[in-house]
Amino acid sequence: MQPVLASFLTDVDFKSVLYIVAFSLFIYGLSGLTGPKTAVQGNRIAGVGMVIAVVATLLVDPFHNWFLILLGLAIGFGVGVPAARQVKMTAMPQMVALFNGVGGGAVALIAWAEFRGTGGFEFTPTYIVIFSLFSAIVGSVSFWGSNVAFAKLQELIDGKPRTLGALQLPAQLLTLGGAIACAIAITAGSTSEILIVLLLVLAAIFGLLLVLPIGGADMPVVISLLNAFTGLAAAAAGVSLDNQALIVAGMIVGASGTILTQQMAIAMNRTITSVIAGGFGGGGGEAAAGPAG
Amino acid sequence: EPSNLITNLAILVLSGFVGYAVISKVPNTLHTPLMSGTNAIHGIVVLGGLVLLATGDDLGFGTTLILFVALVFGAINVVGGFVVTDRMLEMFKSKPTPPKDAEGDAKGGK
């Protein structure tokens, strides 16, 4: 490759233009997905956008860890394609939950790697730390919550609601509050790795406590909500990594996923609040508790 | 750099409104495919693993391992997400002939 061409390809502006092309295709594809006639094409257009975004990201010079990157992508293909092709139509919601979960897990791990790579965010601007830790908490919640949703729908665990009774709400508040407390301590300047591991673990327990009380019938709504969560986490990761493709793609999923969750709940005669409150086994007709959202 | 922060925040907020505007009213039959399609789009998190690995010189074993797992997770999310959405949407493409493996799914078509 000629040096001139190489420097053009790896130019920051060229990369940004490719990102703009990519997220335009995401938005166009997503609007196609809302109609039965345009949906197939819409999904494929978004897929093309994704390929462009990946290629743009790989245009860095010097390029490190190429073997690991190829290996990781190959494993991703090797696991993802057969899983998606072989799953039965009836088992697709839990497969979506699983794919959503690994996405959330990826965001959480990226935040952890950022923490380690910068020496515990010691010299990192505060706003980057806040967005990164937000993505770590939400990503971990999404990963573990989605895995519970998968396990329930796949009947690996009992689909019935499971709660700690009167301790349920205090336990949820304690774990989420603890994760936020860890985030505050790191933002305030603590560089101890124990804190970010504790943050991820507390967020994980919160994710489990969030989804375990929810009955199998309500699970599609919960998967949609966790999908929106992963989108928000991805958008936050995009701000912390200064990556505009991540910001746009994550945020349109965060926003559209929230609206979609609301519409799914309405279609099932439920409200998001009553689904999250859980413990009803998806019987339906539970009293609505104010505006959802 | 503060200017980056403001630009990125503006992009963040505007993207939120775009996402809100695009999903105005979706027919019930498309709820699950749309959820799956947006799931594939947030598979873009794979970029996070890619960019940190590709630009990272001498990351150390632990960080490299974490990023490698993140990359694999992200790749599964994006690849599996698009493929499974494509399969779901096959139901809408050819209404007269039901897909071979759609047993038990009565929701197909409109």
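How far apart are the mean positions of the 10 positive and 11 negative charges of chain A? In this predicted model, those two mean positions are separated by 17 Å. Chain A is built from eleven helices and zero strands, and chain B likewise has zero strands, its secondary structure being made up of four helices. The points below take the two chains in turn, beginning with the overall form of chain A and then moving to particular helices, loops and residues.

**Chain A as a whole**

- Read from the N terminus, the elements of chain A follow the order α-α-α-α-α-α-α-α-α-α-α, in keeping with a count of eleven helices and zero strands.
- The radius of gyration of chain A is 20 Å, which agrees with the value near 19 Å that would be expected of a compact globule with 293 residues.
- Measured out along its principal axes, the C-alpha trace of chain A extends over about 65 × 55 × 35 Å.
- Of the 293 residues in chain A, 53% are buried, while the accessible surface of the chain amounts to about 12300 Å², with carbon and sulfur atoms accounting for 70% of that area.
- When contacts in chain A with a separation of 6 or more are considered, 70% of them are between residues that lie 24 or more positions apart.

**Helix 9 of chain A and the residue that follows**

- Helix 9 of chain A covers residues 219-241, and its 23 residues should span 33 Å at 1.5 Å a residue; the end C-alpha atoms are in fact 32 Å apart, which agrees with that expectation.
- This helix is mostly covered, since 20 of the 23 residues of helix 9 are buried, and buried here means under 20% relative accessible area.
- Helix 9 is followed by A:Asp242, a residue other than glycine whose phi nevertheless has a positive value, near 55°.
- A:Asp242 belongs to the loop that runs between helix 9 and helix 10 (244-267) of chain A, and with a relative accessibility of 35% it counts as partly exposed.

**Other places to look at in chain A**

- A cis peptide bond, with omega near 0°, leads from A:Asp61 to A:Pro62, and A:Pro62 is situated in the loop between helix 3 (39-58) and helix 4 (66-86) of chain A.
- A:Val275 is part of helix 11 (residues 272-277) of chain A, and it counts as buried because its relative accessibility is 2%.
- Leaving aside residues up to four places away in sequence, A:Val275 touches A:Ile214, A:Asp218, A:Val221, A:Val222 and A:Arg270.
- A:Val275 and A:Leu156 are separated by 119 residues in sequence, and their C-alpha atoms lie 21 Å apart in space.
- A:Leu173, which is found in helix 7 (residues 168-187) of chain A, counts as exposed because its relative accessibility is 58%.
- The C-alpha atom of A:Leu173 lies 19 Å from that of A:Phe143, the two residues being 30 apart along the chain.

**Chain B as a whole**

- Along its sequence, chain B shows the pattern α-α-α-α, and 56% of its 110 residues count as buried.
- The area that chain B exposes is about 4800 Å², of which carbon and sulfur atoms supply 66%.
- In chain B, 65% of the contacts between residues at least 6 apart in sequence join residues that are at least 24 apart.

**Helix 3 of chain B and the loop after it**

- Helix 3 of chain B takes in residues 46-55, and because nine of its ten residues are buried, this helix is largely enclosed by the rest of the structure.
- The buried residues of helix 3 in chain B include B:Val46, B:Leu47, B:Gly48, B:Gly49 and B:Leu50, and B:Val51, B:Leu52, B:Leu53 and B:Ala54 are buried as well.
- In the loop between helix 3 and helix 4 (61-93) of chain B sits B:Asp58, which is exposed, with a relative accessible area of 73%.
- The phi of B:Asp58 is near 60°, which is a positive value in a residue other than glycine.

Notes:
Residues numbered from 1 in each chain as written. Chains lettered and ligands numbered in written order. Predicted model: local features only at pLDDT ≥ 70, side-chain atom pairs only at ≥ 80, totals over all residues. Heavy atoms only, no water. Rg over C-alpha atoms; globule rule 2.2 N^0.38 Å. Buried < 20%, exposed > 50% of the residue type's maximum accessible area, 1.4 Å probe, protein only. Contact = heavy atoms within 4.5 Å. Areas by Shrake-Rupley, 256 points an atom, 1.4 Å probe, with all protein chains shown as cover. Lys, Arg positive; Asp, Glu negative; His and termini not counted. Charge placed at Lys NZ, Arg CZ, Asp CG, Glu CD. Expected span 1.5 Å × (residues − 1).
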